[in-house]
Protein chains: 2
Amino acid sequence: MKSKPARLKADAAVICDTEMFAPDLPTLCVGLRDIVYGELHVQGARQDLHSGIYGGAAPNPMMATAEILTALKDREGHIKIPGFYDRVVEPSAKEREAWARLPFDVEEYKEKEVGVRELVGEPEIPLFERMWARPTLEVHGIRGGFIGEGAKTVIPARAVAKVSTRLVADQRPDEALKQIQAAVKAACPKGVTAEFKLIHTAAPSLVNPDNRFIEMSAEAMKQVFGKETVYIRSGGSIPIVGAFDEFLGIPSVMMGFGLPDDNLHAPNEKLHLPNFFRGIEAVARYLELLGA
Amino acid sequence: MKSKPARLKADAAVICDTEMFAPDLPTLCVGLRDIVYGELHVQGARQDLHSGIYGGAAPNPMMATAEILTALKDREGHIKIPGFYDRVVEPSAKEREAWARLPFDVEEYKEKEVGVRELVGEPEIPLFERMWARPTLEVHGIRGGFIGEGAKTVIPARAVAKVSTRLVADQRPDEALKQIQAAVKAACPKGVTAEFKLIHTAAPSLVNPDNRFIEMSAEAMKQVFGKETVYIRSGGSIPIVGAFDEFLGIPSVMMGFGLPDDNLHAPNEKLHLPNFFRGIEAVARYLELLGA
């Protein structure tokens, strides 16, 4: 795409990879978070050690990983990486008001969709803004040491944590990566070495809805679903959206037909079949309206 | 042993499961740490979740585990569990002086034996005391989430950390367990549940060296190895020593013939053969001296 902008020239892109905010509620997604995903490698002694003999003298990279992670993000969900929020664009007052009007039952979301007793994240930021317009930092798993049945008293020689941050507009993945790497170095405890190694990055994106492609798409979905189309963002990533914007200079129309309980990228993922058929209809109607 | 003290009656026990402080240096071990080993179970949402969609709202039990662990022990190696040090007996001035006189090259220990650039642990406590006479807390591994090759953006539903503490005299395993469990509850962050489940415990022990069994053993080793016997403790655990003391009321003579570079309970474990033969000789000499 980078080398063939003329050949790939288009007016707009249509992407069907996002969610409807609620069943039967036509929804356009106009913003995506994206990601810096990497591995935090922490090395202690040359080899695994016996915790009786060496405990009190040898560094524990598994514990050091916990120390680094808790230095990167506090208990309230604030990322403590210096400079990390500097480029974050706040949602407009209009967008915030629209989000506040979305049909949403927080208790049902908490209990039925997420299955937790309490939602977390920066307490001073409203829920949709936390998920759609704020960066996050998550640890996905930590490799190393002993995790089998029973007890083994090993001080592991190394630990590797899978760590990612979701970025929002206008954060830059390369800059965010450097900030993470610097923060890991600064937080590294005595006796171990720590390094954040990149696996991949992609840039976040924010689509300006004031263009005829988004407008026609909203109208097409309204006609097919029989309700006013709402505008949301997504906390997930579709890296091609950023690339379309950067290299081709075209807007992406994100007409999505997933549902909140589809268990996206998780066990028992599904697709609601009526949405599949109405989705086809909505995309066809969109092309008709555009061509009219 | 608990139900048959009369049948198991003995004057003393001899245990060959400890180390010589240095090659050719006859060594008696007179104190052992012991252990509370368990699993820290942390539960978040009902199932694994996508970190793009739910990041900023759903709790992360892997991160919560890091938060709990760092609340239990600070970066300098001090255990922050309330009451944990209350029963810890300090070594006598005589014992501390003897430890300070042991032939020991800290640089060689650090680089060759442990293989680290820096030793860690409570900075105000001397090294041998940290390893032999102070409790420790270690995490051995953390199960949960994604640890395979590449990237998966999962917020794990649960994490299980293998955690143990080494106890020293006069800490009591049952009491230490209750303290750990209370500290885990107190440190549990919002949105998750956390529980410390016991796998096993054993009591630490400290042998009074002023009895003829220890004295004869020191003399026998001196005769066989041709050097004055030194008294040390071990940071490891031999649960039967505590049981011999508690149920039979007998001292344990710990004549050990391992060497510091034996890689005890670790990859490439070995036993120095000359120590095997001189060990047999020393135990035989001990029995001769006792019977004389």
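I began by fixing what counts as an element: helices (H or I, at least four residues) and strands (E, at least two) are DSSP runs, numbered from the N terminus.

I noted that this is a predicted model, in which local features need pLDDT of at least 70 and side-chain atom pairs count only at pLDDT 80 or more, while totals for chains, interfaces and linings use all residues. I number residues from 1 along each chain as its sequence is written, with chains lettered from A and ligands numbered from 1 in the order in which they are written.

**Entry: residue 24**

I looked up B:D24 and placed it in the loop between β1 (13-15) and β2 (27-32) of chain B, where its phi is near 65°, a positive value in a residue other than glycine. In chain A, I found A:D24 in the loop between β1 (13-15) and β2 (27-32), with a positive phi near 70°. Most residues other than glycine have a negative phi, and most peptide bonds are trans.

Is A:D24 buried or exposed? I use C-beta atoms placed from the backbone and call a residue buried if 20 or more others lie within 10 Å of its own, exposed if 12 or fewer, and partly exposed in between. A:D24 has 12 other C-beta atoms within 10 Å and so is exposed, and B:D24, with 12 within 10 Å, is exposed as well.

**Entry: cis peptide bonds**

I then read the bond from A:A169 to A:D170, which is cis with omega near 0°, and located A:D170 in the loop between β7 (158-167) and α6 (173-187) of chain A. In chain B, a cis bond joins B:A169 and B:D170, with omega about 0°.

**Entry: how the chains are related**

I superposed the copies by least squares on the C-alpha atoms of residues with pLDDT of at least 70 in both. A turn of 180° and a shift of 0.0 Å along the axis lay chain A on chain B with an RMSD of 0.0 Å, which is the relation of a two-fold axis. Of the residues of chain A, A:A66 comes closest to the rotation axis, its C-alpha at 2.2 Å.

**Entry: the contact**

How many residues of chain A are in contact with chain B? Taking contact as C-beta atoms, placed from the backbone, within 7 Å, I find that 71 residues of chain A meet 71 of chain B. On the side of chain A that touches chain B, β5(A) gives the most, with 7 residues.

Conventions: Two residues are in contact if their C-beta atoms, placed from the backbone, lie within 7 Å.
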